[in-house]
Amino acid sequence: MDPSLLCKAFFCFGTAVDIGGTLFPSFREHIMTYGSRGTDSQASTEDKKQSRTLFDYIASIQVPHTWFTHYYVVSVSSSIFWAFQIYSHGRIFEFLASYSQPNHSMTVNQVFLAWLFMTFQGTRRLYESLTLTKPSQSKMWVGLWLIGMAYYIFIGLSVWIEGAAALSQHERATGLEFGPPSLKTCIAVLLFLLASSIQHVCHEHLASLKKYTLPQQYWFHKVVCPHYTSECVIYVAIAIVAAPPGRWLNKTVLAGLGFVASNLGVTADSTRKWYVKKFGAEKLAGRWRMVPYLY
């Protein structure tokens, strides 16, 4: 099987679970919500009994919410691993490249830029997790932790796999060509830098708040979770810079974006509901979950 298809299948499955899970209150409450965003069940007594028999045991297998840091350890490790494999034409790279479809291949330059974006994103988030995350007693379901690490393994592969054909033609990936950047590259770089800056500012603001305080910084005036919006824009930028010639978006990275957007969309909705319960609906008036005037 083409490795890019395997990545897309994983991302599409994750997206389906994220969206489908919202249709089942017990699943959403016990599995998909975590930390302070967890809400009391509003289900009937019959539903509560059912949720205990179906979900409570599974949901009780939890890990500290601070283990989110492991996601970025995996992300950075993945970037380093693939850089070595691609540069040295390692066995794993050669194996995956042998199954990759050669049509519409990314250029070596695109692979380098997409890898660079992903490496920068993972490194920055790891730094923020280590320096800005406060001690917390919050927990999350162990399945979310495992799925999150699997996501970063697959996205680390996704940013270069559509360029495997071009990479295979160059010894030690010496095919970089220097020249004027394309329009796609300029757009992707601007989006990436802007979204990364906004996300970092948002994370610094959230870290500066006292516990259970409503964010009031500029980017939070219209959006409950602007750091989630920024995360999605970052992956849009990667999808653009990694788009093979003749395309505007890399389909494999785009599938990863779908997974990210659906997952963060559910969390943003839970965050808004928790804020409404904690601070009152009037405090959240005019604030969209992630995308102004849309969601």
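Trainee: What pattern does the protein chain follow along the sequence?

Mentor: Read from start to end, the protein chain runs α-α-α-β-α-α-α-β-α-α-α-α-α, with eleven helices and two strands, where helices (H or I, at least four residues) and strands (E, at least two) are DSSP runs numbered from the N terminus. This is a predicted model, in which local features need pLDDT of at least 70, side-chain atom pairs count only at pLDDT 80 or more, and totals for chains, interfaces and linings use all residues. Residues are numbered from 1 along each chain as its sequence is written, and side-chain values use heavy atoms, with hydrogens and water left out.

Trainee: What makes residues count as buried, and what percentage of the protein chain does so?

Mentor: Buried means under 20% relative accessible area, exposed over 50%, and partly exposed in between (1.4 Å probe, protein chains only); of the 295 residues, 47% count as buried.

Trainee: Why is helix 6 called roughly parallel to helix 9?

Mentor: Helix 6 (residues 108–132) and helix 9 (residues 183–208) pack at about 5 degrees, with their axes 11 Å apart. Angles under 35 degrees count as roughly parallel, over 145 as roughly antiparallel, 65 to 115 as roughly perpendicular and the rest as oblique, so helix 6 is roughly parallel to helix 9.

Trainee: Which residues of helix 6 and helix 9 meet?

Mentor: With contact meaning heavy atoms within 4.5 Å, the residues of helix 6 that meet helix 9 include Phe117, Phe120 and Arg124, while Phe192, His200 and Glu204 are among those on the helix 9 side.

Technical notes. Axes are lines fitted to C-alpha atoms, for helices over the stretch in contact, and angles run from 0 to 180 degrees between N-to-C directions.
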